Amino acid sequence: MVGAEAEETPISGTELRSVLGRVPTSVGVVAGTGPDGTPVGLTIGTFTSVSLSPPLIAFCPGGNSTSWPKIRPMGRFCVSLLAADQDGVCAVFASKQPDKFAGLRWDLGRNGAPRLDGAVAWVECDIQHEYDAGDHTLVIGRVTALEAGTGCAPMVFLGGRYLGVH
């Protein structure tokens with residue numbers, strides 16, 4: 001019945017993950033520089049387009065992320081949307097390694113944030129808004145520059161696994 005108070009049924013994290021895990025999500029690395037200029041990044045599986053006008057995107061770093069608090073003060077970031085063959089890169093940026101950029105090829109985008117070589121696309125943004133969202137933070141970024149990569153297959157997260165879409 002529309003407008004009626006629904007009885008609240010608790011939903012477990014396991015149930016939510018099981019059902020929503022049937023829908024693929026983009027996988028990327030959000031990168032910026034820390035206060036001392038050191039490159040910092042983290043893997044995200046929650047990237048989405050929000051608005052075309054103005055151009056906005058969103059992603060959700062975990063509340064326990066140690067990388068996002070280092071990027072935030074810069075006020076800008078770059079999302080490198082990973083290619084299907086970048087599972088090693090994905091794993092490094094999902095780890096707690098101190099220097100995640102060691103041994104990787106990357107350059108700086110127009111906004112000064114790191115861009116990883118081999119990505120399917122790069123989206124440079126200024127932080128527009130941040131909202132507490134349960135055990136994550138919802139970050140809205142205003143797109144300031146973007147570029148398509150080589151046209152290789154993107155990496156997605158589906159059913160608890162990282163996969164390439166061909």
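Biologist: Which residues does Asp107 touch, not counting residues up to four places away in sequence?

Modeller: A good place to start! This is a predicted model, and in it Asp107 touches Ala113, Pro114 and Arg115. Asp107 is found in strand E5.

Biologist: Is Asp107 buried or exposed, or something in between?

Modeller: The in-between class covers relative accessible areas from 20% to 50%. Asp107 has 34%, so Asp107 counts as partly exposed. As for distance along the chain, the C-alpha atoms of Asp107 and Ala119 are separated by 12 Å, with the two residues twelve apart in sequence.

Biologist: Arg115 was among those contacts. With which side chain does Asp107 meet in a salt bridge?

Modeller: To call a salt bridge, look for a Lys or Arg side-chain nitrogen within 4 Å of an Asp or Glu carboxyl oxygen. The side chains of Asp107 and Arg115 meet in one, at 3.2 Å from N to O. Arg115 also has a salt bridge with Glu147, at 3.1 Å from N to O. Arg115 lies in strand E6 and Glu147 in strand E8, so this pair ties together parts that are 32 residues apart in sequence. Taken together, Asp107, Arg115 and Glu147 are linked in a network of salt bridges.

Biologist: How do I read the accessibility of Arg115 and Glu147: buried, partly exposed or exposed?

Modeller: Compare each value with the cut-offs: under 20% is buried and over 50% is exposed. Arg115 has a relative accessible area of 11%, so Arg115 is buried. Glu147, at 37%, counts as partly exposed.

Biologist: How many salt bridges does the count come to?

Modeller: The count is four. One of them joins the side chains of Asp117 and Arg105, at 3.0 Å from N to O. Asp117 sits in the loop between E6 and E7, and Arg105 in the loop between H3 and E5, so the pair ties together parts twelve residues apart in sequence. Here the accessibility classes are partly exposed for Asp117, at 31%, and exposed for Arg105, at 65%.

Biologist: You mentioned H3. Which residues of that helix are buried?

Modeller: For a helix, a useful habit is to list the buried residues and then look down the axis. H3 spans residues 87-94, and Val89, Cys90 and Phe93 are buried there. Seen down the axis, the buried residues of H3 fall within an arc of 100°, so they line one face of the helix.

Biologist: And how should I think about side chains in a strand?

Modeller: In a regular strand, side chains alternate between the two faces of the sheet. After that, ask which strands pair and in which sense. Strand E7, residues 121-133, pairs with strand E4, residues 76-81, in the antiparallel sense over six bridges. As an example, Ser80 has Trp122 in E7 as its bridge partner.

Biologist: How many bridges join E7 to E8?

Modeller: Twelve, and these two strands run antiparallel. E8 covers residues 136-148. Within this pairing, Asp132 stands opposite Thr137 in E8. E7 and E8 form a hairpin with two residues between them. When you inspect such a turn, check the backbone angles: Gly134 in this one has a positive phi of about 65°.

Biologist: Speaking of backbone angles, where is there a cis peptide bond?

Modeller: Omega is the angle to check, and it is about 0° for the bond joining Ser53 and Pro54, which is cis. Pro54 is found in the loop between strand E2, residues 39-51, and strand E3, residues 56-59.

Biologist: Let me step back to the whole chain. How many helices and strands does it have?

Modeller: The protein chain has three helices and ten strands. Reading from the N terminus on, the elements run α-β-β-β-α-β-α-β-β-β-β-β-β.

Biologist: What does the radius of gyration tell me about this chain?

Modeller: Set the value beside the one expected for a compact globule. With 166 residues, such a globule would have a radius of gyration near 15 Å; the protein chain has 17 Å, which agrees. The C-alpha atoms fill a box of roughly 55 × 35 × 35 Å along the principal axes.

Biologist: What share of the residues is buried, and how much accessible surface is there?

Modeller: Buried residues make up 36% of the 166. The accessible surface comes to about 9,800 Å², with 56% of it belonging to carbon and sulfur atoms. For contacts, look at sequence separation too: among those between residues at least 6 apart in sequence, 63% join residues at least 24 apart.

How values were computed
Residues are numbered from 1 along each chain as its sequence is written. This is a predicted model: local features need pLDDT of at least 70, side-chain atom pairs count only at pLDDT 80 or more; totals for chains, interfaces and linings use all residues. Side-chain values use heavy atoms; hydrogens and water are left out. Buried means under 20% relative accessible area, exposed over 50%, partly exposed in between (1.4 Å probe, protein chains only). Helices (H or I, at least four residues) and strands (E, at least two) are DSSP runs, numbered from the N terminus. The arc is that of the directions from the helix axis to the C-beta atoms. Two strands pair if DSSP finds at least two bridges between them. The radius of gyration is taken over C-alpha atoms; the globule rule is 2.2 Å times the number of residues to the power 0.38. Contact means heavy atoms within 4.5 Å. Accessible areas come from the Shrake-Rupley method with a 1.4 Å probe; for residues, only the protein chains shown count as cover.
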